[in-house]
Amino acid sequence: MTLRQNTRKIRIGNRVIGGGNSVAVQSMLSVPSTDIAGSVAQAKALEAAGCEILRAAIPDMDAIPLIETIKKEIHIPLVADIHFDYRLALEAAAAGIDKIRINPGNIGDDSRVKQVADACRSRGIPIRVGVNSGSVEKHILAKYGSPTPEALVESALYHVSLLERWDFQDIAISIKSSDVKNTISAYRLAAERCSYPLHLGVTETGTERMGIIKSAIGIGSLLCDGIGDTIRVSLTADPVKEIEAAKDILQAAGLGGGPRLVACPTCGRTRIDLIGLANQVEERLKEVKEPITVAVMGCIVNGPGEAREADIGIAGGKGEALLFRKEEIVRKVPEERIVDELMEEIRKMTAR
Ligand code: SF4
């Protein structure tokens with residue numbers, strides 16, 4: 001299986017993915033491509049939220065100027081999402097796009113594929129081949145009966161082969177299904193069959209809550225397998241929410257950097273507003289960059305034990321809490337001072 005460390009490196013503008021580079025968070029503009037001001041505003045909002053690679057639909061020639069306009073306003077790579085029309089890919093390449101998402105099997109004869117491959121190669125622009133359950137070719141569907149993981153991977157590798165024919169290997173692959181299990185199986189299979197970097201995502205996940213759950217299972221399982229070089233959480237919601245969810249998934253999979261909060265679920269022993277405390281600590285930890293583990297526990301039965309595993313933590317009592325740092329009790333803190341004193345102690349710990 002080709003794990004993250006061993007995938008092929010590709011450069012997307014100022015970002016390198018694959019070959020063990022950190023997993024990049026992607027999202028996509030959702031405003032109409034005709035809305036230039038709206039596109040720029042959303043692109044900036046996504047960059048500010050932590051988006052590391054941004055994709056925009058380029059549905060027609062009128063959308064080509066959007067590329068230059070957006071690129072002037074952001075500092076992260078921009079990807080053109082193109083379907084069927086190879087001329088759009090050529091124009092996007094000429095307009096300075098950083099990556100193109102196109103399926104070469106859908107753009108016509110070989111000479112068109114060659115033109116796109118040549119245009120991208122000469123400018124160092126990679127191509128993402130992206131298949132999903134709805135895009136599997138008829139002849140592959142006939143072979144497998146339905147868009148099974150095998151069918152999805154065969155479809156992706158078919159598109160890839162059309163580029164390889166022109167000696168083009170600056171490729172990333174995505175293989176998305178709206179079925180979480182199929183998505184996981186398909187990516188695992190792809191990681192066995194090729195070494196191109198994989199862009200992970202579960203597609204058409206639905207509205208925010210279920211979308212995040214499906215993505216966390218699908219993307220998270222693969223990340224824990226060591227698979228995946230870029231990720232996108234697709235939500236029927238503001239794409240800024242996609243970035244927040246993607247960062248949380250990376251964090252939960254141990255790939256996020258920054259602090260990790262562990263908190264107990266509370267029980268009949270809890271004598272303090274632990275839910276409120278945990279939420280406040282989570283919010284305040286956004287200002288911390290170091291990879292420390294912080295425990296917020298409801299009582300001293302399990303609190304100190306957990307806090308020993310953590311770098312620092314609190315164990316709630318009645319109207320007060322014990323502040324722990326590794327094995328040591330630092331001090332007792334009154335309830336209203338808990339968050340401030342915890343943060344103060346974290347600042348001391350992380351000061352260089
Ligand atoms: Fe209950 Fe204490 Fe465990 Fe929290 S740490 S669940 S309060 S026993």
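Here are some worked exercises on this structure, which is a predicted model.

## Exercise 1: Get your bearings

Task: describe the chain as a whole, from its secondary structure to its surface and charges.

Solution:
- Start with the secondary structure: the chain has 12 helices and 15 strands.
- Next, the dimensions: the C-alpha trace spans about 75 × 45 × 35 Å along its principal axes.
- Now burial: 50% of the 352 residues count as buried.
- Then the contacts. Taking those with a separation of 6 or more, 61% are between residues 24 or more positions apart.
- On to the surface: about 15,900 Å² is exposed, and carbon and sulfur atoms supply 49% of that.
- Finish with charge: there are 45 positive and 47 negative side chains, and the centres of the two sets lie 2 Å apart.

## Exercise 2: Two residues of helix 8

Task: work out whether serine 215 is buried or exposed, then do the same job for isoleucine 217.

Solution:
- Place serine 215 to begin with: it sits in helix 8, which runs over residues 208-225.
- Check its accessibility. The cut-off for buried is under 20% relative accessible area, and serine 215 is at 0%, so it counts as buried.
- See what surrounds it. Leaving out residues up to four places away in sequence, serine 215 touches Val202, Thr205, Gly220, Val233, Ser234 and Ile249.
- Move along to isoleucine 217, also found in helix 8. Isoleucine 217 counts as partly exposed because its relative accessibility is 45%.
- Look at the company it keeps on the surface: Ile217 joins Met210 and Ile213 in a nonpolar patch of about 260 Å².

## Exercise 3: A negative patch

Task: find which residues form the negative surface patch, and look up one of them, glutamate 244.

Solution:
- The patch is made by Asp238, Glu244, Asp248 and Glu282.
- Glutamate 244 belongs to helix 9, residues 239-252.
- With a relative accessible area of 43%, glutamate 244 is partly exposed.

## Exercise 4: Leucine 141

Task: describe the setting of leucine 141 and find how many Å separate it from asparagine 103.

Solution:
- Leucine 141 has its place in helix 5, residues 138-144.
- Its relative accessibility is 28%, so leucine 141 counts as partly exposed.
- Its contacts, not counting residues up to four places away in sequence, are Val136, Ser146 and Pro147.
- Now for the distance: leucine 141 and asparagine 103 are 38 residues apart in sequence, and their C-alpha atoms are 17 Å apart in space.

## Exercise 5: Salt bridges across the sequence

Task: take the salt bridges glutamate 52 with arginine 15 and aspartate 98 with lysine 71, and say where the partners sit.

Solution:
- First, the principle: side chains of opposite charge can pair when their charged atoms come close.
- Next, the tally: the whole structure has 26 salt bridges.
- Glutamate 52 and arginine 15 meet at 3.1 Å, N to O. This pair links distant parts of the chain, 37 residues apart: glutamate 52 is in the loop between helix 1 (36-49) and strand 4 (53-57), and arginine 15 is in strand 2 (residues 15-17).
- Compare the burial of the partners: glutamate 52 is partly exposed at 25% relative accessible area, whereas arginine 15 is buried at 15%.
- In the other pair, the closest N and O atoms of aspartate 98 and lysine 71 are 2.8 Å apart. Aspartate 98 lies in the loop between helix 3 (86-94) and strand 6 (99-101) and lysine 71 in helix 2 (residues 64-73), so this bridge ties together parts 27 residues apart in sequence.
- Check burial here too: aspartate 98 is buried, with a relative accessible area of 9%, while lysine 71 is partly exposed at 30%.

## Exercise 6: A bridge within a helix

Task: explain why glutamate 345 and lysine 348 are separated by about one helical turn, and find the network they belong to.

Solution:
- The bridge comes first: the side chains of glutamate 345 and lysine 348 meet at 3.4 Å, N to O.
- Count along the helix. Both are in helix 12 (residues 338-350) and three residues apart, so about one helical turn separates them.
- Add the burial: glutamate 345 is buried at 5% relative accessibility, but lysine 348 is partly exposed at 48%.
- Finally, widen the view. Glu345 and Lys348 belong to a network of salt bridges whose members include Arg284, Glu287, Arg325, Arg331 and Arg337. Also among them are Asp340, Glu341, Glu344 and Arg347.

Note on methods:
Residues numbered from 1 in each chain as written. Predicted model: local features only at pLDDT ≥ 70, side-chain atom pairs only at ≥ 80, totals over all residues. Heavy atoms only, no water. Helix = DSSP H or I, 4+ residues; strand = E, 2+ residues; numbered from the N terminus. Buried < 20%, exposed > 50% of the residue type's maximum accessible area, 1.4 Å probe, protein only. Contact = heavy atoms within 4.5 Å. Areas by Shrake-Rupley, 256 points an atom, 1.4 Å probe, with all protein chains shown as cover. Lys, Arg positive; Asp, Glu negative; His and termini not counted. Charge placed at Lys NZ, Arg CZ, Asp CG, Glu CD. Patch = residues over 30% accessible without salt bridge, like charges linked within 9 Å, V, L, I, M, F, W, Y side chains within 5 Å. Salt bridge = Lys/Arg side-chain N within 4 Å of Asp/Glu carboxyl O.
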